[in-house]
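Student: Before asking anything, I would like to see the sequence and the structure.

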Amino acid sequence: MASSDKSSAPASTLGGDQPIPPGKTMSMERHMLDKGAQMLQSLKPVKEMSQHACTFAIYSHDMSRQIETHHYVTRISQDFLQCAVYDSDDSHGRLIGVEYIVSDVIFEALPPEEQKLWHSHAYENRLWAQIKSGLWVNPRVPEAVVKPELENLGKTYGKFWCTWQADRGDRLPLGAPALMVSPQAVNLGMVKPELVQRRDDKYSISTSAIQKSRVEFAEPEWLNPQADYWKQHGKGFAIDIEPTEMKLRAPFP
Amino acid sequence: MSAHPNVPGEPTTTGTALLETATAAIQGFGPLKRIHQHLCAFHFYAHDMTRQVEAHHFCGHQNEEMRQCLIYNSPESDARLIGVEYIISETLFLTLPDVEKPLWHSHEYEVKSGVLFMPGVPGPIQRQDLEKVCKTYGKTFHFWQTDRGDDLPLGLPQMMMSLTRDGQLYDELAHDVEKRYGISFATESENRAYMKGPDQGIHPLANGGGQGLNTSLREVECMPIQCRRWHRLNKAIFLQAHYHNEALSPYVSQFFTS
């Protein structure tokens with residue numbers, strides 16, 4: 001059985017000085033093949049990722065583990081965003097998961113069993129744009145451009161599956177997807193200051209200044225208690241993958 | 001054939017669209033610039049071969065031996081991001097722990113049968129890359145079950161598998177793709193007859209070890225043991241200091257002596 005909260009990696013596959021992921025560097029032939037394909041294919045969905053936002057996320061099964069994330073966001077409608085999430089914004093960034101973001105209107109219509117997999121953005125927004133705390137920042141975008149969008153995010157909820165736990169040293173994506181939760185203003189949800197500082201240094205921003213500039217954003221009047229399940233219940237979630245009988249229409253494998 | 005869900009919500013306003021144009025022009029998009037390739041293939045649910053999904057992969061190389069792909073339900077601008085796939089060489093696959101190997105599927109059949117292809121790319125150019133893909137293994141999760149009509153990404157991540165032999169893929173799914181792209185899987189398959197799968201053969205543990213796979217949810221403590229102890233200690237110190245509760249002293253001191 002593979003699980004999101006257990007590591008199957010033997011020492012040889014964990015971090016150290018080795019690159020993550022391991023593997024030979026790309027040959028010239030590879031670069032040329034890629035270039036050729038790129039010229040012939042339109043890659044439309046990729047071009048729709050129009051915003052890059054930097055924020056922090058926390059593993060729901062181990063809230064001592066916090067990561068910086070880079071979201072590449074596509075807007076599907078006024079109430080729905082889909083994000084490809086990487087662990088950095090440089091060209092070596094690893095694809096670590098997917099987050100979906102919905103408005104409070106959509107969230108309220110979800111069944112309770114579904115809602116518990118989602119997290120609120122009210123506090124992260126403050127951070128994120130710090131919308132009160134300033135954690136979610138669009139790096140290198142002037143604050144004036146960013147604000148109108150960010151106020152909107154305060155009332156949203158997110159669902160974030162992490163498929164590559166690179167922060168624990170996995171050189172390849174191992175195990176089951178892990179459910180992530182958002183930073184909050186209370187104990188387990190507080191983002192470690194050194195993480196924020198490192199992000200601030202890298203992008204030459206001041207999260208505390210951003211927080212101040214976003215202090216006037218209204219708080220949502222109501223946060224659904226089914227979201228941020230850990231706050232009410234003190235529990236997170238793990239995913240297990242187990243063998244089962246496959247429903248067939250032909251022999252397998 | 002796959003359902004195109006109508007995501008609930010108001011259409012994007014002009015203000016929002018303008019913001020997004022502005023930000024895209026200013027910011028760097030390092031990882032996205034590495035996405036250079038569109039592959040079309042089919043996945044089925046690891047617990048249910050009768051549910052099959054046309055999957056559009058947008059892939060970037062991390063290095064010669066590893067690719068990471070975003071999976072969409074169509075190649076159009078309004079496509080839904082439904083999952084991810086990682087693709088690794090046979091060499092890397094063999095380094096995986098045995099408990100991990102069943103989560104990865106082989107690509108040999110998909111490539112040699114022609115059903116995995118690069119839309120818009122001429123055969124001879126495709127084949128230069130696909131002969132490498134033929135030897136790789138992939139790990140795929142879908143988060144959005146558009147094939148059952150879900151308008152939103154509901155439920156748990158789904159482990160997905162790839163085709164491993166003739167007779168698995170629905171004819172109508174295959175014909176739909178062939179017609180849309182003006183291709184013939186059979187013809188392309190003949191052109192790929194020379195290709196070979198993994199050098200050591202398809203590993204017996206791959207493809208679920210021959211079984212289906214299912215994901216399930218489990219509630220857990222949200223902090224590991226050490227952090228819980230630390231948390232209780234912090235609380236005890238606070239209470240002791242704040243309320244001058246000497247009864248807590250032995251509790252606090254045991255953390256420093258043990």
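**Questions on the model**

Student: Is B:Lys135 buried, partly exposed or exposed?
Tutor: The relative accessible area of B:Lys135 is 27%. Buried means under 20%, exposed means over 50%, and partly exposed lies in between (1.4 Å probe, protein chains only). B:Lys135 is therefore partly exposed.

Student: What kind of model is this?
Tutor: Residues are numbered from 1 along each chain as its sequence is written, chains are lettered from A and ligands numbered from 1 in the order in which they are written, and side-chain values use heavy atoms, with hydrogens and water left out. Local features need pLDDT of at least 70, side-chain atom pairs count only at pLDDT 80 or more, and totals for chains, interfaces and linings use all residues; this is a predicted model.

Student: Which residue forms a salt bridge with B:Lys135?
Tutor: A salt bridge needs a side-chain nitrogen of Lys or Arg within 4 Å of a carboxyl oxygen of Asp or Glu. For B:Lys135 and B:Asp199, the closest N and O atoms are 2.8 Å apart. The two lie 64 residues apart, B:Lys135 in the loop between α5 and β6 of chain B and its partner in the loop between α7 and β8. That partner is exposed at 64% relative accessible area, and is B:Asp199.

Student: How many strands does chain B have?
Tutor: Helices (H or I, at least four residues) and strands (E, at least two) are DSSP runs, numbered from the N terminus. Chain B has nine helices, and its strands come to eight.

Student: How many residues of chain A take part in the contact with chain B?
Tutor: Contact means heavy atoms within 4.5 Å. Chain B contributes 109 residues, and the number from chain A is also 109.

Student: Which element gives the largest share of the side of chain A that touches chain B?
Tutor: Between the chains, 41 residue pairs are in polar contact, both residues at pLDDT 80 or more. A polar contact is a pair of N or O atoms within 3.5 Å; within protein, one must be able to donate a hydrogen and the other to accept it, and residues adjacent in sequence count only if both atoms are side-chain atoms. The largest share of that side of chain A, ten residues, comes from β9(A).

Student: How many salt bridges cross between chain A and chain B, and which residue of chain B bonds with A:Asp240 in this way?
Tutor: The interface holds four salt bridges. One of those crossing pairs runs from A:Asp240 in strand β9 of chain A to strand β8 of chain B, with N to O at 2.7 Å. A:Asp240 is buried at 5%. So the count is four, and the partner, itself partly exposed at 24%, is B:Arg218.

Student: Which residues are linked with B:Arg218 in a network of salt bridges?
Tutor: A:Asp5 also forms a salt bridge with B:Arg218, at 2.8 Å. This pair crosses between chains too, from the loop between β1 and α1 of chain A. In the network, B:Arg218 is linked with A:Asp5, A:Lys6 and A:Asp240.

Student: What is the order of the open sheet of three strands?
Tutor: Two strands pair if DSSP finds at least two bridges between them. Strand β9 of chain A pairs with β8(B) in the antiparallel sense over ten bridges, and among the facing residues are A:Pro243 and B:Leu213. The order, with antiparallel pairing, is β1(A)-β9(A)-β8(B).

Student: How many residues of β4(A) are buried?
Tutor: In a regular strand the side chains alternate between the two faces of the sheet. Both faces of β4(A) are covered, with A:Phe80, A:Gln82, A:Ala84 and A:Tyr86 on one side and A:Leu81, A:Cys83 and A:Val85 on the other. The strand is largely enclosed by the rest of the structure, because the buried residues number seven of the seven.

Student: Which residue of β5(A) stands opposite A:Val85?
Tutor: A:Val85 is in strand β4, residues 80–86 of chain A, and is buried at 0%. Seven bridges join β4(A) to β5(A), and the two run antiparallel. A:Val85 and its partner are twelve residues apart along the chain, with C-alpha atoms 5.1 Å apart. The residue opposite is A:Gly97.
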